[in-house]
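Subject: Structure for you to look at

Hello,

Here is the structure I promised to pass on. Please open it next to this message; my notes follow below.

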Amino acid sequence: APGAFGAAISYLALYHIPDRGAVYARLHDALAPGGRIYVEDLYARRPMTGAQSEIMRDALFANTVTDRDGYVGELEAAGFSEIAFEDHSDRWGGFCAERLAGFRAVRERKAELHGPEVVDALDGFYQTMCDLFDSGNLGGVRLTARKPE
């Protein structure tokens with residue numbers, strides 16, 4: 001029902017949505033006056049290369065990866081205010097690198113448990129994320145915003 005919620009949270013989901021504007025409008029409607037949203041998502045720090053865009057689409061099922069201004073503009077268009085955009089790209093990139101190193105440290109054991117195909121696929125995914133963050137084109141963002149009273 002309209003105004004039924006005090007908050008909404010999204011973790012690494014909105015970049016999958018082709019029409020985020022419609023989602024933000026629906027969230028805005030569902031929030032009570034003064035309600036807040038918290039979002040962690042991927043964004044384009046700089047324009048992606050053609051190959052990176054293809055990887056984002058095919059490997060990460062990305063539909064909407066916009067830059068900072070695009071993200072803030074979508075929230076403003078939906079009626080949100082007090083929008084805070086915090087770039088966490090370096091932290092997330094470091095996390096991906098640590099995760100890949102940790103995975104590779106136990107690769108043999110993982111292969112015995114899950115099979116080499118699964119291990120190769122996961123290794124490839126982790127490496128892809130590291131490459132995208134290392135390029136400086138992919139970023140991670142924490143956004144908060146409020147529905148005006």
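Start at Leu42. Leaving out residues up to four places away in sequence, Leu42 touches Leu12, Tyr15, Met56, Val65, Tyr71, Trp92, Phe133, Leu138 and Gly139. Keep in mind that this is a predicted model.

Leu42 also belongs to the largest nonpolar core, which has 17 residues. Within that core, Leu42, Met56, Leu60, Met129, Phe133 and Leu138 touch the most other members. Three helices each supply at least two of its residues: α2 (50-60), α4 (89-105) and α6 (116-135). The biggest giver is α6, with six residues. There is a second, separate core as well. That one holds 16 residues, among them Ala8, Leu31, Val72 and Phe80. As background, nonpolar side chains in soluble globular proteins tend to be buried together.

Next, the sheet. It is open, with four strands in the order β1-β2-β4-β3, and its pairing is mixed. Which strands stand at the edges? They are β1 (5-11) and β3 (81-87). Each has a single partner strand, so one side of each is left without a neighbour in the sheet. From one strand to the next, the twist averages 10 degrees.

β1 pairs with β2 (residues 31-44) in the parallel sense, over six bridges. One place to look is Phe5, whose bridge partner in β2 is Leu31. Leu31 turns up again in the second core. Helix α1 (residues 20-30) lies across β1 and β2. Its direction is about 155 degrees to that of β2.

Now the aromatic side chains. How many aromatic pairs are there? The count comes to five. One cluster is formed by Phe103, Phe125 and Tyr126. Separately, the charged end of Arg20 sits over the ring of Tyr71. The distance to the ring centre is 3.9 Å. Tyr71 is also one of the residues that Leu42 touches.

Two backbone angles deserve a check. Most residues other than glycine have a negative phi. Leu12 has a positive one, near 45 degrees. Leu12 is placed in the loop between β1 and α1. Is Leu12 buried, exposed or partly exposed? Its relative accessibility is 42%, so Leu12 counts as partly exposed. Leu12 is also among the contacts of Leu42.

The other angle is at Glu82, where phi is near 50 degrees, again positive. Glu82 is found in strand β3, one of the two edge strands. At 49% relative accessibility, Glu82 counts as partly exposed, because exposed would need over 50%.

Last, Asp67. Where does Asp67 lie? In the loop between α2 and α3 (68-77). Asp67 is partly exposed, with a relative accessible area of 38%. Apart from neighbours within four places in sequence, Asp67 is in contact with Tyr43 and Ala44. Its C-alpha atom is separated from that of Gly139 by 9.0 Å. Along the chain, Asp67 and Gly139 are 72 residues apart. Gly139 is another residue on the Leu42 list.

When you go through the model, I would take Leu42 and its contacts to begin with, then the sheet order, then the positive phi values at Leu12 and Glu82.

Best wishes

Methods:
Residues are numbered from 1 along each chain as its sequence is written. This is a predicted model: local features need pLDDT of at least 70, side-chain atom pairs count only at pLDDT 80 or more; totals for chains, interfaces and linings use all residues. Side-chain values use heavy atoms; hydrogens and water are left out. Rings of Phe, Tyr and Trp (its six-membered ring) pair if their centres lie within 6.5 Å; planes under 30 degrees apart count as stacked, over 60 as edge-to-face and the rest as tilted. A charge sits over a ring if NZ of Lys or CZ of Arg is within 6 Å of the ring centre and within 35 degrees of the ring normal. Two strands pair if DSSP finds at least two bridges between them. Axes are lines fitted to C-alpha atoms, for helices over the stretch in contact, and angles run from 0 to 180 degrees between N-to-C directions. Contact means heavy atoms within 4.5 Å. A nonpolar core is a set of buried Ala, Val, Leu, Ile, Met, Phe, Trp, Tyr and Cys residues joined through side-chain atoms within 4.5 Å. Buried means under 20% relative accessible area, exposed over 50%, partly exposed in between (1.4 Å probe, protein chains only).
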